[in-house]
Amino acid sequence: MGHVHAEPARAGGRAPLRTALVLTACIAILECAGGLVAHSLALVADSAHVLMDTIALAIAVVASIGAQRPANERQSYGFARFEILAALANGGLLFAIAVLIAAATVSRFAAPELPQGRLMAIVAGIGFLTNAGIGWSLLAGSRRDLNVRAAFWHVVSDALGAVAVAAGGLLIVATGAAWIDPVVSLAIAGIVVFGVVGIVREATGVLLQSTPAHASIARVRERMRMVPGVVDVHDLHVWTIGSDSFVLSAHVLLPDARISEASAILRRLEHRLLEDFGIGHVTIQFECESCDADGRIICTQAGPRRGALSADPEREPHEI
């Protein structure tokens with residue numbers, strides 16, 4: 001049986017997450033104050049959205065720290081799934097935000113109030129520029145870390161919400177139509193729901209140990225069969241522990257060969273799986289076409305063919 005283990009999860013996304021947390025909290029305060037002064041439901045709703053995103057980012061920061069804790073005897077794979085649980089919790093928070101915004105929108109339609117459109121646009125513009133900067137800082141990390149990706153989508157939804165509020169404020173200045181404010185609020189709710197779907201789907205797939213989209217069983221088996229010396233592959237499983245951390249286990253059929261030859265095949269398999277699919281934790285059980293009556297792979301410990309695979313149980317074998 002062979003094993004290869006990947007390096008621990010990277011901590012590179014932690015500093016941008018902390019910066020995002022602080023700046024997002026400032027935006028929430030600014031938009032809340034501006035919404036109250038301008039009597040804008042859209043701006044207040046967006047501040048609530050940003051406030052919940054601040055809480056979600058705090059969860060993401062804690063999760064990124066927890067994910068770096070080393071493995072122990074109880075958590076043998078480490079704590080990488082902290083970030084997956086955090087991403088799922090963030091998705092739940094986003095959905096709750098959407099429901100609250102939709103409820104407030106219905107109330108405002110029933111009793112419309114004309115807000116100060118100019119102030120709405122100025123405050124939302126500041127929010128958009130800040131969120132654009134935060135999003136840019138998180139973009140690289142979001143490609144390889146689900147937790148950072150969840151935080152990135154929070155920031156994107158904040159930026160889009162700010163654009164909607166700013167546009168609504170300008171339209172109110174131009175037309176004087178009070179109904180624009182609750183419509184913008186409803187648009188923000190739609191933006192939030194859009195962000196929820198992808199995050200929850202991906203995090204749930206990890207918890208259900210689904211095969212990663214980039215490493216389907218058929219493709220992985222095909223690539224493994226292409227390695228010289230491999231006869232066949234079966235009982236193949238691929239799943240995800242955390243962002244950029246994939247695990248594989250398989251039974252690999254080999255021709256009768258020396259242990260050194262089997263080890264060379266193992267190294268080639270490990271290299272192929274890491275290069276082609278980013279799978280860094282590999283557990284492989286070798287089987288041979290010439291095994292004993294019990295189906296065990298055995299090798300001799302004595303004689304001129306020491307280390308060779310054998311099917312003779314009388315030659316002091318041991319299992320591998």
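## Two odd backbone angles and a well-covered strand

In this predicted model, let's start with His39, which is found in the loop between helix 1 (14-38) and helix 2 (41-66). What is the phi of His39, given that it is not a glycine? The value is positive, at about 55 degrees.

Asp235 is another residue to look at: it is not a glycine, yet its phi is positive, near 50 degrees. Unlike a loop residue, Asp235 lies in a strand, namely strand 2. Here are the two side by side:

| Residue | Where | Phi | Relative accessibility |
|---|---|---|---|
| His39 | loop between helix 1 and helix 2 | about 55 degrees | 42% |
| Asp235 | strand 2 | near 50 degrees | 41% |

Are these residues buried, exposed or something in between? Partly exposed covers values between the 20% and 50% cut-offs, so His39 at 42% falls into that class, and so does Asp235 at 41%.

Now follow strand 2 (residues 232-242) to its partner. Strand 2 pairs with strand 3 in the antiparallel sense, over eight bridges. Within this pairing, His237 stands opposite Ser249 in strand 3.

Strand 3 has another partner too: nine bridges join it to strand 4 (residues 279-288), and these two run parallel. Here you can find His251 opposite Gln285 in strand 4.

Why is strand 3 (residues 245-254) described as largely enclosed by the rest of the structure? Buried means under 20% relative accessible area, and eight of the 10 residues of strand 3 are buried, so the strand is largely enclosed.

Notes:
Residues numbered from 1 in each chain as written. Predicted model: local features only at pLDDT ≥ 70, side-chain atom pairs only at ≥ 80, totals over all residues. Heavy atoms only, no water. Buried < 20%, exposed > 50% of the residue type's maximum accessible area, 1.4 Å probe, protein only. Helix = DSSP H or I, 4+ residues; strand = E, 2+ residues; numbered from the N terminus. Pairing = 2+ DSSP bridges.
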